[in-house]
Amino acid sequence: MAVKRRYQSARRQDQARQTRHAILEAAGKLFVDPGYAATPLTAVAAEAGVAIQTVYAVFGSKSQLLSELIDVTIAGDDDPRSLPDRPFVAEIRALADPRAKLARYARHLTETHARQVEVMLALAGAATADPDAAAIWHKNLQDRRRGMEMLAADLAATGRLRSDHDIDSAADVLWLAMDVHNYDWLVRQRGWPPERYQRWYVDTVAAAILDSSA
């Protein structure tokens, strides 16, 4: 009986994960088109093939669904580890050369933007009219700024920041350069290959904040 109960519990957990994934996938589609404001949760439920009560049971509210969609889209998975605890951060920190650090981050950034660009642009648009979306957007801005402070500190530790930059101003440059609108314009609108976008990121940021020997 114990084995059967464990099996049933595991099966329920798997079904719950599948339901959650289906709802997030539906929200990711509909919040982009026709948009967050134009999409009631009943439409998300219908797209996901679940009852509206299930959507509320799993996420509680439309704004919470949007918030968790953003988190999962940025991370690329449901892994509870925060981004600073992900392997790519350890890889960046292990590199000694500042340009190599930027190149590794550029690869991560390009992969992230490729999966998040439509959702993030939809969030930016929704934030202009919806207070809940605006709060989520501003939280994302703050999270990104903190992440760039960490990267700036790591770059500063190499001793290769330009003399007119400190960690705070370097983080400003990094924060601006990583904005999803840059990826949208260069890759999606202008047709740059992702590899060219990565080179642009490294060359632009290195010229702005690293000394000429880097």
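Mentor: Before we read any packing, fix one term: two residues are in contact when heavy atoms of theirs lie within 4.5 Å. Keep in mind as well that this is a predicted model.

Trainee: How many helices and strands are there in the chain?

Mentor: The chain holds 10 helices and 0 strands, so that, read from the N terminus on, its elements run α-α-α-α-α-α-α-α-α-α. The C-alpha trace spans about 65 × 45 × 30 Å along its principal axes, and buried residues make up 40% of the 214 residues. Among contacts between residues at least 6 apart in sequence, 65% join residues at least 24 apart.

Trainee: How should I read the two sides of a helix, and which residues of H10 are buried?

Mentor: The general idea is that an α-helix has 3.6 residues a turn, so residues three or four places apart point the same way. In H10, the buried residues are Tyr197, Tyr201, Val202, Val205, Ala206 and Ile209. They cover an arc of only 155° around the axis, and therefore sit on the same side of H10.

Trainee: Which helices do the buried residues of H10 pack against?

Mentor: Their partners are helix H6 (98–127), helix H7 (131–156), helix H8 (167–177) and helix H9 (180–189). The length of H10 can be checked too: at 1.5 Å a residue, the 16 residues of H10 (residues 194–209) should span 22 Å, and the end C-alpha atoms are 23 Å apart, which agrees.

Trainee: Which residues does the UniProt annotation "DNA-binding region" cover?

Mentor: According to the unreviewed UniProt entry, that annotation covers residues 40–59. In the model this span is 80% helix and 0% strand, and its end C-alpha atoms lie 14 Å apart.

Trainee: Which residues of helix H2 are buried, and which are exposed on the other side?

Mentor: In H2 (residues 41–48), Leu41, Val44, Ala45 and Ala48 are buried. Viewed down the axis of H2, these residues fall within an arc of 100°, so they line one face of the helix. Thr42 and Ala46, on the other side of H2, are exposed.

Trainee: Where should I look for unusual backbone geometry?

Mentor: Most residues other than glycine have a negative phi, and most peptide bonds are trans. Just after H2, glycine 49 takes a positive phi of about 75°. A second case is the peptide bond from aspartate 33 to proline 34, which is cis, with omega near 20°; proline 34 is found in helix H1 (residues 2–35).

Trainee: Is asparagine 140 buried or exposed, and what does its side chain join in a polar contact?

Mentor: Asparagine 140, which has its place in helix H7, counts as buried because its relative accessible area is 7%, and the cut-off for buried is under 20%. A polar contact of 2.8 Å joins its side chain to that of arginine 144. If we leave aside neighbours within four places in sequence, asparagine 140 is in contact with Ile70, Ile74 and Met120.

Trainee: Which residues does lysine 62 touch, not counting those up to four places away in sequence?

Mentor: Lysine 62, placed in helix H4 (residues 62–75), touches Phe31, Tyr36, Ala37, Thr39 and Leu41 on that count. One of these, Leu41, you have already met among the buried residues of H2. Sequence separation and spatial distance are worth reading side by side: lysine 62 and tryptophan 137 are 75 residues apart in sequence and 15 Å apart in space, C-alpha to C-alpha.

Key: Residues numbered from 1 in each chain as written. Predicted model: local features only at pLDDT ≥ 70, side-chain atom pairs only at ≥ 80, totals over all residues. Heavy atoms only, no water. UniProt positions renumbered as here; feature names shortened; annotations may be inferred. Helix = DSSP H or I, 4+ residues; strand = E, 2+ residues; numbered from the N terminus. Expected span 1.5 Å × (residues − 1). Buried < 20%, exposed > 50% of the residue type's maximum accessible area, 1.4 Å probe, protein only. Arc of directions from axis to C-beta. Polar contact = N/O pair within 3.5 Å; in protein donor to acceptor, adjacent residues only side chain to side chain.
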